[in-house]
Amino acid sequence: LTKAEQNNGDNSSIVWLWKLDASIKKAEQLLLDRNYDEAEEAYKDAIEANPKHFYLNDALRHIQYVKNTDSLTLRKQYEQVLGTYSIKGNELKRNFWLKDGRLMYKRDGLPSKELLPISETRYINMSELRVNYEFEIKDGQVHASFAWFFNPEEMAGEEYNPELNYLYQE
C-alpha cells in the first residue's frame, strides 16, 4: 500500500496504490468469470499474501454472500433499491437499475458500474476499491442511499460528506 500525491495543474489529491500480484490477478479473474468456489479460495490466498489490501476482504465477503443467498432473494434485493436517489439542493443524483440481472449504478457525470452485494444493504464495485454503497431501510422499504469511503491511514470506513452524500429514493 502506497500513498502518493497526484498533481493536476493547480489541484492536487492523494491517491492510494496497491500492489497487484499474481494471486490478486487470479482471484479477480475468477470473480469476473463468476466462478465463486475457486474465487473464494483464490481470495483467501490473496488476503494471506496481501493482508493490508482491505478490498480483498470486501470481494471475499461478496463471494460468500452470493454463495449463501439464492438468486430469487438477490433479485428481490436488487429490485428493492432500483430507482433514482436525490436530495434538495444537490443536483447530482444516483441511479440504480438492472442490466442482464446485475445491479448497475450511475452518478451524474461519472461512468456506470456494476455493484456487488456484500450484505442485504451494502455493495462494492471493483473499480472504486475504497467505496462501499449502502442503502438505509425503514419499515421494510428502502429509504435512502449513501457511500462509505475506506480510509487507509485509519484502516476504517468513514461516511463521506453526509450533507450531500445521503440521498433519498424518489
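These are questions and answers on how strands and cores are assigned in a predicted model.

Mentor: Local features here need pLDDT of at least 70, side-chain atom pairs count only at pLDDT 80 or more, and totals for chains, interfaces and linings use all residues. Residues are numbered from 1 along each chain as its sequence is written, and side-chain values use heavy atoms, with hydrogens and water left out.

Trainee: Why are β9 and β10 called paired?

Mentor: Strands are DSSP runs of E with at least two residues, helices are runs of H or I with at least four, and both are numbered from the N terminus. Two strands pair if DSSP finds at least two bridges between them. Strand β9 (residues 131-138) and strand β10 (residues 141-151) have 8 bridges and run antiparallel, so they pair. One bridge partner is F149 in β10, for V131.

Trainee: What makes β10 and β12 a pair?

Mentor: 2 bridges join β10 to strand β12 (residues 167-169), so the definition is met. In β12, Y168 is the bridge partner of A144.

Trainee: Why is the set with I24 and L31 called a nonpolar core?

Mentor: Such a core is a set of buried (under 20% relative accessible area, 1.4 Å probe, protein chains only) Ala, Val, Leu, Ile, Met, Phe, Trp, Tyr and Cys residues joined through side-chain atoms within 4.5 Å. The largest one has 20 residues, and I24, L31, Y43, F54, Y55, L56 and I63 touch the most other members. Helices α1 (22-32), α2 (36-49) and α3 (54-67) each give two or more residues to this core, with α3 giving the most, 6 residues.

Notes: Buried < 20%, exposed > 50% of the residue type's maximum accessible area, 1.4 Å probe, protein only.
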